[in-house]
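Here is a friendly walk through a few local features that may catch a modeller's eye. Have the coordinates open as you read.

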Amino acid sequence: MKMNKVILSGILGSLLISGSVSFAAEPFLGKTPQVLCAYMKDLGIPGSDKYREQGSGEWSCGSTRKKLPQGEPAAASDLQYRVFGSETRPRKQILELRMRSDRQPQGVLKVFSRYVDVLLEKTLGAGITKDMYQAIMAPVDGEWRMDSHVLQLRKLRSKGSVYDLRFTVEALPLE
C-alpha cells in the first residue's frame, strides 16, 4: 500500500512538472495572434484587430492612438497597441504611451501602469510587479523575465523633454 502511494505520487509529480514546463514554454500561454489583437478592444483602444501580412513574412495588427483622460497637463497623451509575429504565432506585443507634456505626468503614468497591468494579466496570467510599476512611474528603462517572455520598458525621446514609453512583451525563441 505504501509503495503504491510512493509510485502514484511520483507519477503525479512527473505529470505536474512536465505539464508546467510545456505550459510555461508556450508563448503567450498558447494564445493566437487573433486573440492578442482582440485585446485592443478589451482595453478600449480603437483600431483594426485584423492580423495581416505586412511583407517579408511579418504579420501584425495595430490600434489607432487612444487619447487618455483629460485633467492633467499631460492629458494630450495617448496610447497605441500592436502585435507582431508570423501568420500563426505571435512574437511581440507593444503598448506605447506618447507623452505630450513633461509637466505633472504622474496621473498619465498611473493610467499607463494600469493598462500594462491588464495587458499582462490577460497575456501571461500575472500582473505588473512592484519593480515594473516603479520603472513606469520614474520613468526609467527596465527589463524583466516572466516564464518564456522578456518584458521591457524603454523611455524614448521624442522632442526635448517630452518622451514616449514603450512596454514590450516578447516571447523567447522556442528551443
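Keep in mind that this is a predicted model. A good place to begin is Asp78, whose side chain makes a polar contact with the side chain of Arg98 at 2.7 Å. The side chain of Asp78 also makes a polar contact with that of Arg65. Both pairs are set out here.

| Side chain | Partner side chain | Polar contact distance |
|---|---|---|
| Asp78 | Arg65 | 3.0 Å |
| Asp78 | Arg98 | 2.7 Å |

Asp78 belongs to strand β4, which covers residues 78–85. Is Asp78 buried or exposed? Its relative accessible area is 2%, under the 20% cut-off, so Asp78 counts as buried. Leaving aside residues up to four places away in sequence, Asp78 touches several others, including Lys66, Lys67, Leu68, Glu96 and Leu97.

Next comes a helix pair. Two packed helices are described by the angle between their axes and the distance between the axes. For α3 (residues 106–124) and α4 (residues 130–137), the axes come within 9 Å and cross at roughly 145°. The crossing of α3 past α4 is right-handed. On the α3 side, the residues that meet α4 include Leu109, Phe112, Val116 and Leu120, while α4 offers Met132, Tyr133, Ile136 and Met137. Sorted by class, this contact has eight nonpolar, two polar and one charged residues.

Finally, two loops deserve a look at their backbone angles. Ser56, in the loop between β1 (47–55) and β2 (58–63), has a positive phi near 55° despite not being glycine. Ser56 is exposed, with a relative accessible area of 84%. Asp147 sits in the loop between β6 (142–146) and β7 (149–159), and its phi is also positive, near 50°.

Definitions and conventions
Residues numbered from 1 in each chain as written. Predicted model: local features only at pLDDT ≥ 70, side-chain atom pairs only at ≥ 80, totals over all residues. Heavy atoms only, no water. Helix = DSSP H or I, 4+ residues; strand = E, 2+ residues; numbered from the N terminus. Buried < 20%, exposed > 50% of the residue type's maximum accessible area, 1.4 Å probe, protein only. Polar contact = N/O pair within 3.5 Å; in protein donor to acceptor, adjacent residues only side chain to side chain. Contact = heavy atoms within 4.5 Å. Axes fitted to C-alpha atoms, helices over the stretch in contact; angles between N-to-C directions. Left-handed = near helix turned anticlockwise from the far one by under 90°. Nonpolar A, V, L, I, M, F, W, Y, C, P; charged D, E, K, R; others polar.
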